[in-house]
Structures are given as C-alpha cells and as structure tokens.
Amino acid sequence: MTPPETPVAGQEAGAAERAPAVSSCPDGRPAGPLLAGLARRAEFLKAAQARRQGTAGFLLQARKRGEEEEEADPDLIRVGFTASRKIGNAVLRNRAKRRLRAVAREVLPEAGQPGWDYVLVARPGATVSRPYGDLLADLRRALAAVHGTGGAGR
C-alpha cells in the first residue's frame, strides 16, 4: 500500500523539505566522547579505591582505566551512580540518582576525560535539595581537581 498523496491532518505542506528533527553524524557516532554506564559491582569497587573529590552536593570517585582491561575503549567515559539508604526512601534515592544523571549528562562530555570511570555518590539531604546550577558547578570543580586542571577552588 502506498502512502496518500495529500497531507494528513496536522502535517504542513512543506514538511517533507525541512530537515529532520533528529540528526545523526555521518559515521553514526555523536561528536565528543561517548558515555556509558558502569554495571558490575567490581567496577564500582575499583572506582571507590581510586581518586575522590568531595563536594557539597555529592562525592566524585574517579579512576583511569588500565589498557589491559577488556572494556578499555579509550574513547569511552563510563559513569555510575550510587544513592544509599542514608539518602532516604526509594523516592528520594531515585530523585537523587536522576539529578546526578542529568548533571553527568551535561558536564562529563565537555569536562570528563575519555578512558576514565566516574562514580557520583549522593549525599544525604544535599543532592536532592541543592540547586541544579550548584550541582553542575560542583561537578566541574570536582573534575578539575581530580584531573589537576585547576579551577578546584571557589
């Protein structure tokens, strides 16, 4: 069956000539480093033993992956999120993790370094109630401190 020649209700006459709402890169990969999630407990434990940087909103744990690791894609930034029961009930823990995911999605592609694993650990009372802009600034400062690129101070 062929599509109708006349526009369906809600479509504009020139809609076919416009660019699509979603665009992709020619090679199918987005520009900048790729973000992936940490899945196994062992990956979280390795990050917990590496560098740490505390902020008012959360704790950042970061480690550079070794080249001998099987998931050592050098272009990949991996990130994980932790919110313990100290944060509160399931609603508050999920809210804290959602906020941390949003912050990481916005900051890590520009300030994170490929080949690193990051874990953001929620802080009781602070992660859920801290203003979003402050969480963004916290992550930028923590990444600068972990990587030694300056900008760690206020």
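This is a short tour of the structure, with a selection to make at each stop.

**Stop 1: colour by confidence**

Start by colouring the chain by pLDDT, since this is a predicted model. The mean pLDDT of the protein is 80, and 72% of the residues reach 70 or more. Now select helix α4, residues 132-147: confidence is highest here, at a mean of 95. Strand β1, residues 34-37, is where confidence is lowest, at a mean of 80. Then select residues 18-29, where the pLDDT is below 50. Beyond near neighbours in sequence, this stretch has five contacts in the model.

**Stop 2: the sheet**

Switch to a cartoon view and show the strands. Five strands form an open sheet, and their order is β1-β4-β5-β3-β2. The pairing in this sheet is mixed. Which strands are at the edges? They are β1 and β2, each of which pairs on one side only. As you step across the sheet, the twist averages 25° from one strand to the next.

**Stop 3: two strand pairs**

Select β2, residues 51-54, together with β3, residues 58-64. Four bridges pair these two strands in the antiparallel sense, and a hairpin of three residues leads from β2 to β3. To see one of the partners, pick Gln-53 and look across to Leu-60 in β3.

Next, select β4, residues 76-82, and β5, residues 116-122. These two strands run parallel and are joined by five bridges. Label Val-79 and you will find Tyr-118 of β5 standing opposite.

**Stop 4: helices on the sheet**

Keep the sheet on screen and bring in α2, residues 90-111. This helix packs on the sheet and touches β1, β3, β4 and β5. The direction of α2 makes about 160° with that of β4. Now add α1, residues 41-48, which lies across β2, β3, β4 and β5. Helix α1 runs at about 95° to β3.

**Stop 5: the α2 and α4 pair**

Hide the strands and keep α2 and α4. Two packed helices are described by the angle between their axes and the distance between the axes. Here the axes come within 10 Å and cross at roughly 45°, which means that α2 is oblique to α4. The crossing is right-handed. For the residues that meet, show side chains on both helices: the α2 side includes Ala-102, Val-103, Val-107 and Leu-108, while the α4 side includes Leu-135, Leu-136, Leu-139 and Leu-143.

**Stop 6: Leu-76 and Glu-67**

Finish with two single residues. Is Leu-76, in strand β4, buried or exposed? Leu-76 is buried, because its relative accessible area of 15% is under the 20% cut-off. Show what surrounds Leu-76: its contacts include Leu-34, Leu-35 and Ala-36, along with Pro-114, Gly-115 and Trp-116. Arg-65 is also one of the residues that Leu-76 touches. Draw a C-alpha to C-alpha distance from Leu-76 to Leu-35 and you will get 6.1 Å, with their positions 41 residues apart in sequence.

Now move to Glu-67, in the loop between β3 and β4. Glu-67 counts as exposed because its relative accessible area, 78%, is over 50%. One last distance to draw is from Glu-67 to Gly-115: the C-alpha atoms are 8.9 Å apart in space, although the two residues are 48 apart in sequence.

Technical notes
Residues are numbered from 1 along each chain as its sequence is written. Side-chain values use heavy atoms; hydrogens and water are left out. Two strands pair if DSSP finds at least two bridges between them. pLDDT is the predictor's confidence in each residue, from 0 to 100. Contact means heavy atoms within 4.5 Å. Buried means under 20% relative accessible area, exposed over 50%, partly exposed in between (1.4 Å probe, protein chains only). Axes are lines fitted to C-alpha atoms, for helices over the stretch in contact, and angles run from 0 to 180 degrees between N-to-C directions. Angles under 35 degrees count as roughly parallel, over 145 as roughly antiparallel, 65 to 115 as roughly perpendicular and the rest as oblique. A crossing is left-handed if the near helix is turned anticlockwise from the far one by less than a right angle, and right-handed if clockwise. Lists of a residue's contacts leave out its neighbours within four places in sequence.
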